[in-house]
Amino acid sequence: MDTEAPIKEVIEEIKESGGDAVKFCYQCGKCDTVCPWNKVRTFSMRKLIREATFGLTEIEHEEIWRCTTCGKCAQICPRDVQQIQNMVALRRMATGYGVFPAAIKPVRAASAGLTSDGNPFGEERTKRAEWAKGHSVQTFEEGMEILYFPGCYPSYDARLKKVAVATAKILNKAGVEFGILGAGENCCGESIRKTGNEELFKQLARENIKTFIDNGVKRILVSSPHCYHTFRNEYPEFNVHFEIVHISQYLFELINEGRLQISKEYAKKITYHDPCYLGRHNGIYDEPREVLKKIPGLELIEMPESRENSFCCGMGGGRIWAETPMFERFANLRLEQAIGVGAEELVTACPYCITNFEDSRVVLNYDDVIQVKDITEILQEVI
Ligand code: SF4
Ligand code: SF4
């Protein structure tokens with residue numbers, strides 16, 4: 001029988017990343033009971049942690065790439081094992097060696113686009129502000145109230161551009177003096193960091209930080225919870241502190257200050273999906289719900305898996321660029337859950353979630369069964 005030899009580098013890499021906490025795992029298995037993967041296939045974070053403890057991780061295997069970093073296991077782990085940080089540490093090793101299993105190979109194309117043009121699509125940097133043409137959007141100048149940072153998907157993706165446009169319409173209606181950076185904006189770098197490409201994350205972050213400082217930016221409004229998370233919780237690693245506001249918080253603020261008036265009804269049954277990086281990672285559960293509750297005629301129905309127990313869409317942790325077989329997509333199940341509570345619309349506040357839900361809607365042939373909307377797309381209709 002072959003004897004499995006530990007890879008010392010795995011143990012060292014995990015230690016260096018602050019992931020020494022793997023040794024605290026006492027194999028209770030609670031992580032596996034809450035992990036969304038186990039609703040579509042077998043996956044064991046408990047086993048991965050055990051293997052990592054002994055340096056026996058197979059870094060060439062797809063298993064280390066599965067975690068969507070949804071945070072569900074981290075909030076239940078009795079030993080604070082920091083599963084996400086450990087998986088990212090392993091991915092750093094795999095990325096360092098250039099070892100990508102077939103389903104993860106698209107990450108390389110995303111990295112190339114981010115390196116050359118600051119976006120994962122490899123689209124020209126100069127086209128970043130094309131969505132804003134004809135919508136009274138100015139270039140940011142020092143002294144403006146807030147910088148609007150739409151992020152990559154609302155800047156380039158045809159479906160998500162509608163979210164950027166809806167946001168601009170709302171800001172203009174509320175009389176907010178805002179601007180964008182256009183070609184000066186880079187991807188925030190959150191997802192590429194989760195794939196283990198620390199160097200590229202740092203490059204993107206440093207360029208963004210320099211642009212923010214050069215332009216006198218103090219307050220930043222974001223559409224994506226992923227931009228929110230990395231600007232608020234990770235950019236301070238570079239000794240900078242900007243005030244970050246997610247659009248769901250800003251809508252709440254504008255309505256409460258009387259700057260945004262809701263003047264129309266929206267007579268639909270909707271359910272709200274908590275994005276992992278807005279909810280579990282940053283504790284923003286109430287503001288989007290409070291905004292929706294202010295709309296006359298709108299009936300807000302909760303899904304059983306909501307707030308802290310929200311069901312991940314499957315796109316976090318860099319999996320937005322991974323290939324996931326149709327029958328393994330979490331978003332399919334989430335659409336079924338929304339339909340199950342009688343919702344006509346599944347509303348959320350994250351470009352990744354919308355991308356995934358729209359894909360599932362097409363795949364499941366649910367065009368006439370349920371609509372998928374960003375919170376801004378509803379607000380723009382009622383103001
Ligand atoms: S929940 Fe925590 S302690 Fe329990 S098996 Fe998972 S990582 Fe280990
Ligand atoms: S963070 Fe989410 S996807 Fe990753 S192992 Fe934990 S529960 Fe599963």
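How are helices α6 and α10 oriented to each other: roughly parallel or roughly perpendicular? They come out roughly parallel, because their angle of about 30° falls under the 35 degrees used as the limit for that label. This is a predicted model, and its chain splits into domain 1 (8-99), domain 2 (104-253) and domain 3 (262-381). Below is a quick tour of three helix pairs, plus a look at where domain 2 meets domain 3.

**How domain 2 meets domain 3**

- Measure from C-alpha centre to C-alpha centre and you get 22 Å between domain 2 and domain 3.
- On the domain 2 side 35 residues take part in the contact, and they touch 34 residues of domain 3.
- The size of an interface is often given as the accessible area lost when the parts come together.
- For domain 2 and domain 3 that works out at about 2,900 Å², with 71% of it on carbon and sulfur atoms.
- Looking at domain 2 alone, the residues that give up the most area to domain 3 are Tyr153, Arg159 and Phe252, which together make up 19% of what that side buries.

**Helices α6 and α10**

- Two packed helices are described by the angle between their axes and the distance between the axes.
- Here, α6 covers residues 106-117 and α10 covers residues 198-214, and their axes sit 10 Å apart.
- The crossing of α6 past α10 is left-handed.
- From α6, the contact uses Ser111, Leu114 and Thr115, while α10 brings Leu200, Gln203 and Leu204.
- Sort those residues by class and you have three nonpolar, three polar and no charged.

**Helices α8 and α15**

- Helix α8 (residues 158-173) and helix α15 (residues 351-363) have axes that come within 10 Å and cross at roughly 140°.
- That angle makes the pair oblique, because the roughly antiparallel label is kept for angles over 145 degrees.
- This crossing is right-handed.
- Arg159, Leu160 and Val163 do the touching for α8, and Pro351, Ile354, Thr355 and Glu358 do it for α15.
- The mix in this contact is four nonpolar, one polar and two charged residues.
- Arg159 turns up twice in this briefing: in the α8 contact with α15, and among the domain 2 residues that lose the most area to domain 3.

**Helices α12 and α13**

- With axes 8 Å apart, helix α12 (residues 247-256) packs against helix α13 (residues 286-293) at an angle of about 50°.
- These two helices are therefore oblique to each other.
- As α12 passes α13, the crossing is left-handed.
- Ser248, Gln249, Leu251, Phe252 and Ile255 are the α12 residues here, and they meet Glu287, Pro288, Glu290 and Val291 of α13.
- By class, this contact has five nonpolar, two polar and two charged residues.
- Phe252 also has a double listing: this α12 residue is part of the contact with α13, and Phe252 is named with Tyr153 and Arg159 for area lost to domain 3.

Notes: Residues numbered from 1 in each chain as written. Chains lettered and ligands numbered in written order. Predicted model: local features only at pLDDT ≥ 70, side-chain atom pairs only at ≥ 80, totals over all residues. Heavy atoms only, no water. Axes fitted to C-alpha atoms, helices over the stretch in contact; angles between N-to-C directions. Helix = DSSP H or I, 4+ residues; strand = E, 2+ residues; numbered from the N terminus. Parallel < 35°, antiparallel > 145°, perpendicular 65-115°, else oblique. Left-handed = near helix turned anticlockwise from the far one by under 90°. Contact = heavy atoms within 4.5 Å. Nonpolar A, V, L, I, M, F, W, Y, C, P; charged D, E, K, R; others polar. Domains from an automatic or database assignment. Buried area = accessible area lost by both parts, 1.4 Å probe.
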